[in-house]
Amino acid sequence: MNSNLDHRRPAPSLPFTTVDGRRRLLDAAQALYQAADAGAPQRPLRGKNIALLSESYDADDTRDLIRAATEAGAQVARIRPSEAGLHDLTTARMLGRLYDAILCEGMPAELVCTLRRETGVPVHADLCDLLPDLQAEADAEPGLPGCAGRTYLLQALLVDTLG
């Protein structure tokens, strides 16, 4: 194998595609919330570097992702795809060396697939679009308050997908 590609590892599958995966996410979100509520917030993403590729940083979803990741201890670099030259495979590979994960908001599926193929790190598109179903499940049980629950669900999702 080419030594330039040794850093690559397969991206994990999304954790909420099974009942057990959703349960694990809800339990993790609840544990994160309870720790914070008790005055001992967890920082499970400490030391992780995440690239957030989005044209708009003012969108609620983008702000929610940034907040969830930084409160969990990650460093988040905001990158505008239109200014990053992402169609250049060298740039995509460089992102894989610089970041532990890449979050894409509002990007074309073809570009997201290219990033998944070339970076060797977890690349996820539009994570916030996946939250309504998880939020509905979280709202159906006690212990995870609505608006705060969204932050903790995102944190649990990020922790699970970053390994």
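Reader: Which residues does Thr91 touch, leaving out those up to four places away in sequence, and what makes each a contact?
Author: Thr91 touches Ala84, Gly85 and Leu86 once residues up to four places away in sequence are set aside, where contact means heavy atoms within 4.5 Å. This is a predicted model, in which local features need pLDDT of at least 70 and side-chain atom pairs count only at pLDDT 80 or more, whereas totals for chains, interfaces and linings use all residues. Residues are numbered from 1 along each chain as its sequence is written, and side-chain values use heavy atoms, with hydrogens and water left out.

Reader: Why does Thr91 count as buried?
Author: Buried means under 20% relative accessible area, exposed means over 50%, and partly exposed lies in between, with a 1.4 Å probe and protein chains only. The relative accessibility of Thr91 is 16%, so this residue counts as buried. Thr91 is found in helix α4, residues 89–98, a helix here being a DSSP run of H or I with at least four residues, a strand a run of E with at least two, and both being numbered from the N terminus.

Reader: How do you know how many disulfides the structure holds?
Author: A disulfide is a pair of cysteine sulfur atoms within 2.5 Å, and the structure holds zero of them. The sulfur of Cys104 has its closest cysteine sulfur in Cys113, 10.0 Å away, and is therefore too far for a bond. Cys113 is likewise in no disulfide, with the sulfur of Cys104 as its nearest.

Reader: Are Cys104 and Cys113 buried or exposed?
Author: Cys104 counts as buried because its relative accessibility is 0%, while Cys113, with a relative accessible area of 42%, is partly exposed. For the protein chain, 42% of the 163 residues count as buried.

Reader: What makes β1 and β2 a pair, and in which sense do they run?
Author: Two strands pair if DSSP finds at least two bridges between them, and five bridges join β1 (residues 49–54) to β2 (residues 75–79) in the parallel sense. Within this pairing, Ile50 has Val76 as its bridge partner, and Leu52 stands opposite Arg78.

Reader: Which strand other than β2 is joined to β1, and how many bridges are found there?
Author: Strand β3, residues 101–105, is joined to β1 by five bridges, again in parallel, and there Leu52 faces Leu103. Five of the six residues of β1 are buried, which leaves this strand mostly covered.

Reader: Why is the crossover from β1 to β2 called right-handed?
Author: A crossover is right-handed if, with the strands pointing away from the viewer, the path from the first strand over the helix to the second runs clockwise. The chain passes from β1 through helix α2, residues 60–71, to β2, and this β-α-β crossover is right-handed.

Reader: What makes the link between Asp60 and Arg63 a polar contact?
Author: A polar contact is a pair of N or O atoms within 3.5 Å; within protein, one must be able to donate a hydrogen and the other to accept it, and residues adjacent in sequence count only if both atoms are side-chain atoms. The side chains of Asp60 and Arg63 are joined by such a contact at 2.3 Å. Asp60 lies in helix α2.
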